[in-house]
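Trainee: I would like a close look at one part of this protein. Pick a spot and take me from there to whatever surrounds it, with the reasoning spelled out.

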Amino acid sequence: MSEPIIWKPGDLPYSWDPYRALPILKIIGFIDRYLNGNIPIKREHLLVIFFHETGFCNVRQNQGKGPAVGFGQMEIFNGDKIPFFETLRYNSAILNPKLSQKARESYTHLFIYPPLTYESVLNDDEFAIKMHCSYFNWLFENGMPQNAAPGQKGIKSLRGLLMAQTGGGNNLQFVDHFVSSGDKLKVALGTGDRAKIIDALNSVRHYLKEDSSDTESRPLTLSRYPKYWDFILPESDVKFIR
C-alpha cells in the first residue's frame, strides 16, 4: 500500500484541489462503464478534455463562481441540455438561473425528477463522469448537426461531437487539440510508459509554455509537479491501463 501524499503549496498546480481529484485509473473505469464504445469519441478524448479543463478534478468553474462544473466543465444550465438531463432523470429547468419563471412553467412534466444543482455533480464523482459520457452518447443520437437536413438528428463525426461540447466561439480552437492529443494518448497508453502517457496528456496544452503567464492552463510536467503525477498516475497503476 502506497504512503499517503503530504501536500505542500508548491506541490499543487494552480487552483487544483487534490481532495476533489481522481486518479486516471479510476476515471477510466467510469468512462468505460458509461461511454458508448460505438461512437467516434473515445475514452482518450475524454481524458485529454478532463486534463485540459481541470487536471482531473470535479470542480465548479472560476473557483466556484462560474457556470461550468465537473471534470470536463459542462455548462449544465444551458437550455439545450434540458432534454439531455431529462434522460438522466434530472430536472435542470426548475432551478435554472438562465430561465425566467414563465419559461420554467413550460417544463412542468419534469417535476417528477429531482432538481439539478451544481452540488448534484460536485458531490458525486461517478455521476459527474457519467454526465459527460452520457452527453456525448446523447449528442450522437439526438444532437443537431451543422447544416442538418429537415428531420435529421444525431452528430456522427468526432469533430462534430467535440464542436458541440466546446460550445463554439473561441473554444472551437480546442477541437484540434482534443483530437490530436487524444490520438497521441491512445498510442501512449499502449506503450505502458508512464513518461510517454504524461507527455501525451500535456500535449493538449502544448500551445502554452511551462512558464506561461496563463498559470491555469500551462503544462503540468513530471519534473515540476511530481507529487501531482504520483497521485494522478502512480507508477503502480500504469500496468493496469491499456
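Mentor: Start with Trp-16. Its relative accessible area is 6%, so Trp-16 is buried. The cut-off for buried is under 20%. Keep in mind that this is a predicted model.

Now look for ring partners. Searching the whole structure turns up 15 aromatic pairs. One of them joins Trp-7 to Trp-16. The ring centres are 5.4 Å apart and the planes make an angle of 65 degrees, which puts the pair in the edge-to-face class. The partner, Trp-7, has 18% relative accessibility, so Trp-7 also counts as buried.

Compare another pair, Phe-50 with Phe-71. Here the centres are 5.8 Å apart and the planes differ by 40 degrees, so this pair is tilted. Where do these two rings come from? Phe-50 belongs to helix H2, while Phe-71 sits in the loop between strand E1 (68-69) and strand E2 (74-75). The pair therefore ties together parts that lie 21 residues apart in sequence. Phe-50 is buried at 1% relative accessible area. Phe-71 is buried too, at 0%.

Go back to the two tryptophans. Trp-7 and Trp-16 share one aromatic cluster with Phe-51, Phe-56, Tyr-228, Trp-229 and Phe-231. One member, Phe-51, has a charge over its ring: the charged end of Arg-205 sits there, 4.6 Å from the ring centre. The model has another such arrangement, with the charged end of Lys-156 over the ring of Phe-140, 4.0 Å from its centre.

Another cluster member, Phe-56, leads into the core. The largest nonpolar core has 68 residues, and Phe-56 and Phe-85 touch the most other members. Helix H7 supplies the largest share of this core, with ten residues. What does Phe-56 touch? Leaving out residues up to four places away in sequence, its contacts include Ile-24, Ile-27, Leu-47, Phe-50, Phe-51, Phe-71, Leu-201, Tyr-228 and Ile-232. Both rings of the tilted pair are on that list, Phe-50 and Phe-71. A separate, second core has five residues, among them Ala-93, Leu-99, Leu-110 and Tyr-113.

Two of those contacts, Ile-24 and Ile-27, point to helix H1. H1 spans residues 24-34, and its buried residues are Ile-24, Ile-27, Ile-28, Phe-30 and Ile-31. Why do they line one face? Viewed down the axis of H1, the buried residues fall within an arc of 165 degrees, so they line one face of the helix. The general rule is that an α-helix has 3.6 residues a turn, so residues three or four places apart point the same way. What does this face pack against? The buried residues of H1 pack against helices H2 (43-54), H7 (125-142), H10 (194-202) and H11 (226-232).

Charged side chains join some of these parts as well. The structure has seven salt bridges. One pairs Asp-32 with Arg-43, at 2.9 Å from N to O. Asp-32 is in helix H1 and Arg-43 in helix H2, eleven residues apart, so this pair links distant parts of the chain. Asp-32 has a relative accessible area of 45% and is partly exposed. Arg-43, at 13%, counts as buried. Glu-44 joins Asp-32 and Arg-43 in a network of salt bridges.

Arg-194 and Asp-230 form another bridge, with their closest N and O atoms 3.3 Å apart. It links helix H10, which holds Arg-194, to helix H11, which holds Asp-230, across 36 residues. Arg-194 counts as buried at 11% relative accessibility, whereas Asp-230 is partly exposed at 41%.

Finish with Asp-11 and Lys-227. Their side chains meet in a salt bridge of 3.1 Å, N to O. Asp-11 lies in the segment before H1 and Lys-227 in helix H11, so the bridge ties together parts 216 residues apart in sequence. Asp-11 is buried at 16% relative accessible area. Lys-227 counts as partly exposed at 27%.

Notes:
Residues are numbered from 1 along each chain as its sequence is written. This is a predicted model: local features need pLDDT of at least 70, side-chain atom pairs count only at pLDDT 80 or more; totals for chains, interfaces and linings use all residues. Side-chain values use heavy atoms; hydrogens and water are left out. Buried means under 20% relative accessible area, exposed over 50%, partly exposed in between (1.4 Å probe, protein chains only). Helices (H or I, at least four residues) and strands (E, at least two) are DSSP runs, numbered from the N terminus. The arc is that of the directions from the helix axis to the C-beta atoms. Contact means heavy atoms within 4.5 Å. Rings of Phe, Tyr and Trp (its six-membered ring) pair if their centres lie within 6.5 Å; planes under 30 degrees apart count as stacked, over 60 as edge-to-face and the rest as tilted. A charge sits over a ring if NZ of Lys or CZ of Arg is within 6 Å of the ring centre and within 35 degrees of the ring normal. A nonpolar core is a set of buried Ala, Val, Leu, Ile, Met, Phe, Trp, Tyr and Cys residues joined through side-chain atoms within 4.5 Å. A salt bridge is a side-chain nitrogen of Lys or Arg within 4 Å of a carboxyl oxygen of Asp or Glu.
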